[in-house]
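Got your viewer open and a selection box ready? Let's walk through this one stop by stop.

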Amino acid sequence: MAQLNTSRCLKLVSDQFVSVVHISGTPGHYKYSGPLVTILDIIMRHQGFCYEFLRASDRSYGLLLPNGSWSGLLGMVQRGEADLTGTVIAITANGLPAFDFSDPVVISEYNVINVRPVVTPNVAGFIRPYTPLAWAFLLMSSVIVSAATLLMLRRPALLQTMDGTGSQSFEEEDMDKTKVPSSRKEEKNNIGWFRSVERSSLWTWSALLSQSVPWEPRGSSARMMAGLWLLETLILASVYRSNLKAMLIIPKVRLPFDNLEELAESGITLAITKDSTLQSLIMNAERNTSLGRLKENLVLAHPDQVYRFIEDIYSGKWAGGAFTISIKAAFHLDFSVMGKCRGYIMSRGFFGPASLSLAFAKGSPLIGKVNKDIITLREAGILDHLFSQASFNATECLKPVTSKLTTTKERPLEMLDFYGVFSLYMAGIAVALLVFLLEVVCVPKKTGTRRAGVARQ
């Protein structure tokens, strides 16, 4: 084991780590703060060491290179340019052969932060009480009931055609009961079918829309079918109104994703820290896995730009992948400044808890001394206290985003909420106008034809 040289100050190489180490200032005048800086100061003072912080020239944590060496701040530790890291490093299989790691300073897992969805105006809000499949079944039921009603109305006429009797349909009874020439029987039958289709369709849709109709089916079978349809439309209308009211009173929000599979399918860009462990895991994952599919929409953030990337997350530009402890600190900062939560976190992380520790060169005599102090600080609750102080305002933002809107502020309805209903209304007006024009054009011709027939008689 190498001998410890106490004649010089220890060199701690560090970089930005949200909630762990914060670096501000300009080159040569950097200021280091954060929970880990306080912890390292306690340990170094207890051990009687002076120390100084360094930053890697490439401003990265470091990756394993093909020749077995490491880049970034881990490379400085490996080459002996620094005694240990001034930030925590995730213990990985690649790092164990090259470095000695202290006892875990903190344990966390990877998660993803994204902009929190809010309730926005929805043009199609009036159709949302039912799913598309439910609407399709409703349309199919209406067509079936209308066809059944039509057959009930035309049953006497159909029986007359089949057995040659002279019975009349219900619609023919409503028509002029005076005897007509045999030459007009076919025309009369066609008019009867037309009126039957009109009445069956009008009655079916009017009952569905709770509109009164000055006509009701006659006959036991027709009334039984009509009663069942009225009962069904009553239930459908009540459920529709209840669901629509509930959607307005307690708005629901849909999360863009809540796990890695949904994130990969959503196509949302994921921003992660450059040369981080998460980058290595994603780049080495198989293409057909959820993690491997994230390669297609991946953005690397430089550690110095991490806070700008967080603001881009809140603006909806992309999602961000990081340790949960860093996401908590981002929530803490945002809630402290804005007074509200602009982001949400997936309900469950991935890869499981990871040990975040200090990294030393292989065989470093410092690790035994540092480990004793880390264990003492953990047992005294100081580690948990320092890290919790960096994210105590994140509690509200960590609450799961359920079906209820997390804010108590009511959203007034906007014009965009009514555009769908207005469009449906205007479409109905247009159809009614078209039918009116057809009646105006076609009815006089029929009247003229009838008058000509009477004159010939």
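Start by selecting Pro-35, Thr-38 and Ile-39 in α1, then add Leu-383, Leu-386 and Phe-387 in α13: these are the residues where the two helices meet. Keep in mind throughout that you are looking at a predicted model. Now show α1 and α13 as cartoons: their axes come within 9 Å and cross at roughly 150°. An angle over 145 degrees counts as roughly antiparallel, so α1 is roughly antiparallel to α13.

**Zoom out for a moment**

Color by secondary structure and you should find 14 helices and 14 strands. The protein has 457 residues, and 37% of them count as buried. Of the contacts with a separation of 6 or more, 74% are between residues 24 or more positions apart.

**Into the core**

Next, select Leu-36, Ile-39 and Leu-358. Within the largest nonpolar core, which has 67 residues, these three touch the most other members. Helix α1, residues 35–47, supplies the largest share of this core, with six residues. There is also a second, separate core of 18 residues; to find it, pick Val-18, Ile-113, Ile-313 and Tyr-314, which are among its members.

Now center on Leu-358. What does Leu-358 touch, not counting residues up to four places away in sequence? Its partners include Leu-36 and Leu-40, Leu-84, Phe-101 and Val-105, plus Val-370 and Ile-374. Polar residues are on the list too, among them Thr-85, Thr-87, Asp-100 and Ser-102.

**One step back along the chain**

Select Ser-357, which is found in strand β13 (residues 350–357). Is Ser-357 buried or exposed? Its relative accessibility is 0%, so it counts as buried. Draw a distance from its side chain to Ser-102: a polar atom of the Ser-357 side chain lies 3.2 Å from the backbone oxygen of Ser-102. Leaving aside neighbours within four places in sequence, Ser-357 is also in contact with residues including Thr-87, Val-88, Ile-89, Ile-91, Phe-101 and Pro-104.

Stay in β13 and click Phe-351. Phe-351 has a positive phi of about 75°, although it is not a glycine. Most residues other than glycine have a negative phi. At 46% relative accessibility, Phe-351 counts as partly exposed.

For another such backbone, jump to Ser-19, in the loop between β1 (10–13) and β2 (22–24). Phi of Ser-19 is near 80°, again a positive value in a residue other than glycine. Ser-19 is buried, with a relative accessible area of 12%.

**Last stop: α11**

Select residues 324–338, which make up helix α11, and put a distance between its end C-alpha atoms. At 1.5 Å a residue, the 15 residues should span 21 Å, and the ends are 21 Å apart, so the two agree. Highlight the buried residues of α11, including Ile-325, Ile-327, Ala-330, Phe-331 and His-332. The buried residues of α11 pack against β8 (106–115), α10 (306–314), β11 (319–323), β12 (343–345) and α13 (382–389).

Take α10 from that set. The axes of α10 and α11 are 12 Å apart, and the helices pack at an angle of about 70°. That makes α10 roughly perpendicular to α11. To see the contact, show Tyr-307, Ile-310 and Tyr-314 of α10 with Ala-330, Phe-331, Leu-333 and Asp-334 of α11. Finish just after α11, at Gly-339, which takes a positive phi of about 75°.

Key
Residues numbered from 1 in each chain as written. Heavy atoms only, no water. Core = buried A, V, L, I, M, F, W, Y, C linked by side-chain atoms within 4.5 Å. Buried < 20%, exposed > 50% of the residue type's maximum accessible area, 1.4 Å probe, protein only. Helix = DSSP H or I, 4+ residues; strand = E, 2+ residues; numbered from the N terminus. Contact = heavy atoms within 4.5 Å. Expected span 1.5 Å × (residues − 1). Polar contact = N/O pair within 3.5 Å; in protein donor to acceptor, adjacent residues only side chain to side chain. Axes fitted to C-alpha atoms, helices over the stretch in contact; angles between N-to-C directions. Parallel < 35°, antiparallel > 145°, perpendicular 65-115°, else oblique.
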